[in-house]
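Biologist: I would like to learn how to read a structure, one feature at a time. Please put it on the screen and start with a single contact.

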2 protein chains.
Amino acid sequence: MATMKDIAREASVSVATVSMVLNNKPNSRISKHKREEIERLARKLNYQPNFAAISLSKQQSLNIALIVPDITNPFFSLLTKEIDLSLEKDGYSTIFVDSNNSFQNEKKAIESMVSRGVDGIILVPSNEFFRVDQAQRKQLIANLDKPFILLNAYPNDLDVSYVNFDNVNGAYIATQELIDKGHREIAFIQGQTGFVNAAERLAGYQQALRDHHLAIKPQNLFMGDYSVQSGYELASTITQRKDITAILSSNDLMLFGMIKWAKMHHIDVLHQYAMIGFDNDPYSEILEVPLTSVDQRPKAMIEEALAILLERIGNDHPVNKHALIKPELIKRASVFAPVPTSE
Amino acid sequence: MATMKDIAREASVSVATVSMVLNNKPNSRISKHKREEIERLARKLNYQPNFAAISLSKQQSLNIALIVPDITNPFFSLLTKEIDLSLEKDGYSTIFVDSNNSFQNEKKAIESMVSRGVDGIILVPSNEFFRVDQAQRKQLIANLDKPFILLNAYPNDLDVSYVNFDNVNGAYIATQELIDKGHREIAFIQGQTGFVNAAERLAGYQQALRDHHLAIKPQNLFMGDYSVQSGYELASTITQRKDITAILSSNDLMLFGMIKWAKMHHIDVLHQYAMIGFDNDPYSEILEVPLTSVDQRPKAMIEEALAILLERIGNDHPVNKHALIKPELIKRASVFAPVPTSE
DNA sequence: TTGAAAGCGCTAACAT
DNA sequence: ATGTTAGCGCTTTCAA
């Protein structure tokens, strides 16, 4: 692997000169002749800069850490793709970490990434992140003097930059859509307390009911954890409730779980309940009855997030910024007027 | 950020001593007293090693590059997760690149990763990778003196380490399963020529037919490109062929596309054709008729791949190794005896 | 216009 | 048992 030293020797100039030329430093004009000679040699020797050396010298790595809870979740993989593609355009590489839904892993990852000298950290927090003691969470962030942004969460108790999707509004418009179709008994499958964005979605659901003068019934609330499995487990309970005509789920996956359960028990849940999920999972479309879903507009989210992060990397006067992305309801066949129960 | 220098100063020892202690170098025993003092200070100052410095000095980065064609593809995101989790245990970080299915991007990524001094490169090749001129492909690999492994492909014309799933056998056992159930006219949706693993799957399908003395009919071959969209587009042609009773698809996604089309046209494709896909996509389970699928055992694949790669990183006598992972047929409800056509 | 030299933080061979 | 030194490849200030 050729170094600047090699080029310098062959061109009979100093390493400093080579550095200037290869970095197009404008301030000092190097004679056209030498410049061309150096560039020629660089090409000939297939010179590739050594990033470790640049990092050490400039104290910047052109690496951004991205920590996500679970890359197999389609929502997170979409975020990851957009982030990677976008960062690449700006010359950054993505150091990827799957925290596997563990706060301990997130903590280890952040520390490791700081040590690795990344220029910035994007954390898409796990559910555990908001369930551990506030003190732990605060400490993690406080000790961090790296450009940092939280993606896909409201950090109620943290003073950081963040970008989130407007979950309150998302749940609100979804609930409203169901109400408009004539539904009065709308089940809500919530994420567990402390789960990312769970409280906001619940709030939006409740607010919509309130605004339409509908009662908020505790028995219409079901507790899941965003997993297919939890939807599967809730299915028998929900399908026993014959008064319910519509289901709003905090994500698509739990509806998938419920559908799976119903399939196994030969219950036609898809035509019985109007349904709306969150995430606009690509698979929502290929179901027997394609699912209406609240799209979180991941592209818009990461656009905002990267703008904030990269701007923060430039000027080091830590000003935390926030953005909330407007939701979009993707309407498909799963929302219809209430189906009268056969009992 | 505290450095070894800071610790050395406070402990009144040399940087070298600090380095020895903090790296637990066994050869030279440092006095217990100093050792403890140094460790105490490291903790107190919250010392974190500077990876750029280590990289530069040791010529190793503890970074592994992972290049995948499209992280939103569930098969690739599963691979990515397993790789990341596993590498982390070995102290490596994953530099992630989504090549977005472009050979140019793969090329750029490999060059950039070499420049970044990664210790090894895992390439899950795009389809384009095997469609560009062999010369380009060869050159890319030849110029590479980094530990490198190709994952999820047969590099017919390349001398590299690789790990792949046994596609021939996978297609064979799937076809056999259909034949065993009584199917004689089995459509095969192939990936385009030159696409990763496409030829092998076709070969396995044909071999199974041959071994069961069934004719290989060109009109039973349909050309897709692994995308949902291509399955969608093939659906109308396939469903017109009333003699066909079963469909083997080179992946699950194309079946999803076909199912989607059928849904929109109110054709009950799921009960009309026995179906088998590849990838064992998690969503196969939640379909109206859960899909039988050939599981590529991604965990086993990455286990082999990382073993080969990491071993290669240690001793630098480039010996290319290969592994082929045995397939597993996950049987679900989509395989049944031929359904007589209504016409 | 160009070069010399110091320094980024750490490692490792060699001295002591 | 511990320190000195050179060096990894590059950037940047200062001098010439």
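**Contacts, copies and a cavity**

Modeller: In chain A, a polar atom in the side chain of Gln59(A) sits 3.4 Å from a sugar or linking oxygen of DNA strand C. This is a polar contact, a pair of N or O atoms within 3.5 Å (within protein, one must be able to donate a hydrogen and the other to accept it, and residues adjacent in sequence count only if both atoms are side-chain atoms). The model is predicted, so local features need pLDDT of at least 70 and side-chain atom pairs pLDDT 80 or more, while totals for chains, interfaces and linings use all residues, and side-chain values use heavy atoms, without hydrogens or water. Residues are numbered from 1 along each chain as its sequence is written, with chains lettered from A and ligands numbered from 1 in the order written.

Biologist: Which atoms of Met4(B) and Asn23(B) lie close to a phosphate oxygen of DNA strand C?

Modeller: For Met4(B), a polar backbone atom is 2.7 Å from a phosphate oxygen of the strand. For Asn23(B), an N or O atom of the side chain is 3.2 Å from a phosphate oxygen.

Biologist: How many residues surround DNA strand C?

Modeller: There are 28, and the closest include Thr17(A) and Tyr47(B); near means a heavy atom within 4 Å. Of the strand's atoms that come within 4 Å of the protein, 81% belong to sugar and phosphate. The surface near the strand has 11 nonpolar, 12 polar and five charged residues.

Biologist: Which helix gives the most to that surface?

Modeller: α4(B), with four residues; helices are DSSP runs (H or I, at least four residues) numbered from the N terminus.

Biologist: How are the two chains related?

Modeller: Two copies of a chain are related by a rotation about an axis and a shift along it. Here a rotation of 180° with 0.0 Å of shift superposes chain B on chain A, RMSD 0.1 Å (least squares on C-alpha atoms with pLDDT of at least 70 in both). That is the relation of a two-fold axis.

Biologist: How much space lies in the largest cavity?

Modeller: About 40 Å³. Its lining includes Arg184(B) and Tyr205(B); on a 1 Å grid over the protein atoms alone, a cavity is where a 1.4 Å probe fits but cannot get out, and lining residues have an atom within 4 Å of a point.

Note on methods
On a 1 Å grid over the protein atoms alone, a cavity is a set of points where a 1.4 Å probe fits but cannot get out, and a pocket is an open set with protein on both sides within 12 Å along at least five of seven lines; lining residues have an atom within 4 Å of a point. Grid points are joined across faces, edges and corners, and a volume is the space filled by probe spheres set on the points. Helices (H or I, at least four residues) and strands (E, at least two) are DSSP runs, numbered from the N terminus. Ala, Val, Leu, Ile, Met, Phe, Trp, Tyr, Cys and Pro count as nonpolar, Asp, Glu, Lys and Arg as charged, and the others, Gly among them, as polar.
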